[in-house]
Amino acid sequence: MKTSMAKNNFPESKIVVLITAAGSSTRMGGPVKKEYLALESGTVLSTAIKKFLKTTNPRILPSLIVVTVPVNGIEEAQKAVFCDEDLNKTLTNHPDTRIIFTEGGNSRQGSVYNGIKTVVSSLNLTEEDFNETFIAIHDGARPFISEELINRTFEAAFINGAAFPGLEPTETQKEKDDKGLVTKHLKRSNLISVQTPQIFNLKKIFEAHTKASTDGFEYTDDTEIWGKYCGPVATVKGSPENIKITYPDDYRKTNMIHTGLGYDMHRLIEGRKLVLGGVEIPFEKGEDGHSDGDVLLHAITDALLGASGLGDIGSFFPPEEPEWKDADSKVLLKTVWDKITEKGWKLENLDCVIKIEKPKFLPYRQEVIKSIAGILQVPEDSVFVKAKTYEKIGNWENQVEAFTTCLLSR
């Protein structure tokens, strides 16, 4: 069994977390393992891990997190976790927390047992500490667990030795035989569907798993093992949001949608080029700006940055910096867009309005759309640009404005 450590120097603690991510994700039907799919600022797996690190209750902050991964999959799992800058930042606030990756087994039961053995071998526990340590076993594909639910489950486990969250089924349940005939009509109020985290006294669940590894039975989850060898398991009310990603539709429902709004305005002066959307448009005046003054690309850049929460154009390219003097706004937009897409965002659509009296914009619209789509590497039909005039209100001959909205998904 291979094991890799990613963080060091942690003190002994009474709370540890085991994240199970050793499955093959065959039911997802895609090339990417479900735990490694993009979510929030990182992946499904990194998001699940963060929920235990971001607790505001110091009593349940883990000093050790063990992640079970497929055989020969440690390096890939590490990338899927530490690509998350928010997780890395959270870890800096908890320097005594260590994350370990270890290979799983041939079944979920075997993988959990390997993970628990890694926990035990990694902790220098006295007999007293062993008796007082609790382990939370959580699915790596269940990233929407709330802090409140984690807290409630831990409290129940502290009292009862073991606890898990669950939900009463919404549909009537039956029991059938191998011929498909109903043999028992079950009372729904007595049933519960199991969620994670399942939280146990570490010493007892370790001893129970050790016995289960040689008793010849295959167990579906850890509460079944606890129930056989240790006694009853307490339940707390689970959450409908605490879903496990199993099928493609489960992941599609997790997509985040963000909107962004961008705006820019420049004076038009002689001796400058008029550039809109990366296209030079013949005219006797152009934008007065620190860079090339492309108001449309500047507005687009701000809209995309706003939707992704990464800042604004001024924070990326301060106008007081000489290196951005007469800079090509296509390069600025591409630089920003690369950072946004690295975070897993994709463009659903971009809608723009240019407000200019002269020259007429319509003859150049399709060229501008093509230019923007090329910079962002998106289909042209996801970008649209309209133009309005000032209706001769105000100093309309000497200015140009751009308004942009965008929709990003992740």
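Two strands pair if DSSP finds at least two bridges between them. The model discussed here is predicted.

Q: What makes β18 and β19 a pair of strands?
A: Strand β18 (residues 346-355) and strand β19 (residues 383-388) share six bridges in the parallel sense. The cut-off is at least two bridges, so β18 and β19 count as paired. One of the partnerships joins Asp351 to Phe384 in β19.

Q: Through which helix does the chain cross from β18 to β19, and what is the hand of this crossover?
A: The path from β18 to β19 runs through helix α13 (residues 365-376), and the β-α-β crossover is right-handed.

Q: Why are α4 and α7 called oblique to each other?
A: Helix α4 (residues 108-122) and helix α7 (residues 202-212) pack at about 135°, with axes 10 Å apart. Angles over 145 degrees count as roughly antiparallel and 65 to 115 as roughly perpendicular, the rest above that range being oblique. The angle of about 135° fits neither class, and α4 and α7 are therefore oblique. The crossing of α4 past α7 is left-handed.

Q: What makes up the contact of α4 with α7?
A: From α4 come Gln109, Val112, Tyr113, Ile116, Lys117, Val119 and Val120, which meet Leu202, Ile205, Phe206, His209, Thr210 and Ala212 of α7. By class, the residues of this contact are nine nonpolar, three polar and one charged.

Q: How do α1 and α2 pack, and which residues make the contact?
A: Helix α1 (residues 44-53) packs on helix α2 (residues 74-82) at about 65°, with the axes 7 Å apart. Leu45, Ser46 and Ile49 of α1 make the contact with Ala77, Ala80 and Val81 of α2. Five of these residues are nonpolar, one is polar and none is charged.

Note on methods: Residues are numbered from 1 along each chain as its sequence is written. This is a predicted model: local features need pLDDT of at least 70, side-chain atom pairs count only at pLDDT 80 or more; totals for chains, interfaces and linings use all residues. Side-chain values use heavy atoms; hydrogens and water are left out. Axes are lines fitted to C-alpha atoms, for helices over the stretch in contact, and angles run from 0 to 180 degrees between N-to-C directions. Helices (H or I, at least four residues) and strands (E, at least two) are DSSP runs, numbered from the N terminus. Contact means heavy atoms within 4.5 Å. Ala, Val, Leu, Ile, Met, Phe, Trp, Tyr, Cys and Pro count as nonpolar, Asp, Glu, Lys and Arg as charged, and the others, Gly among them, as polar. A crossover is right-handed if, with the strands pointing away from the viewer, the path from the first strand over the helix to the second runs clockwise. Angles under 35 degrees count as roughly parallel, over 145 as roughly antiparallel, 65 to 115 as roughly perpendicular and the rest as oblique. A crossing is left-handed if the near helix is turned anticlockwise from the far one by less than a right angle, and right-handed if clockwise.
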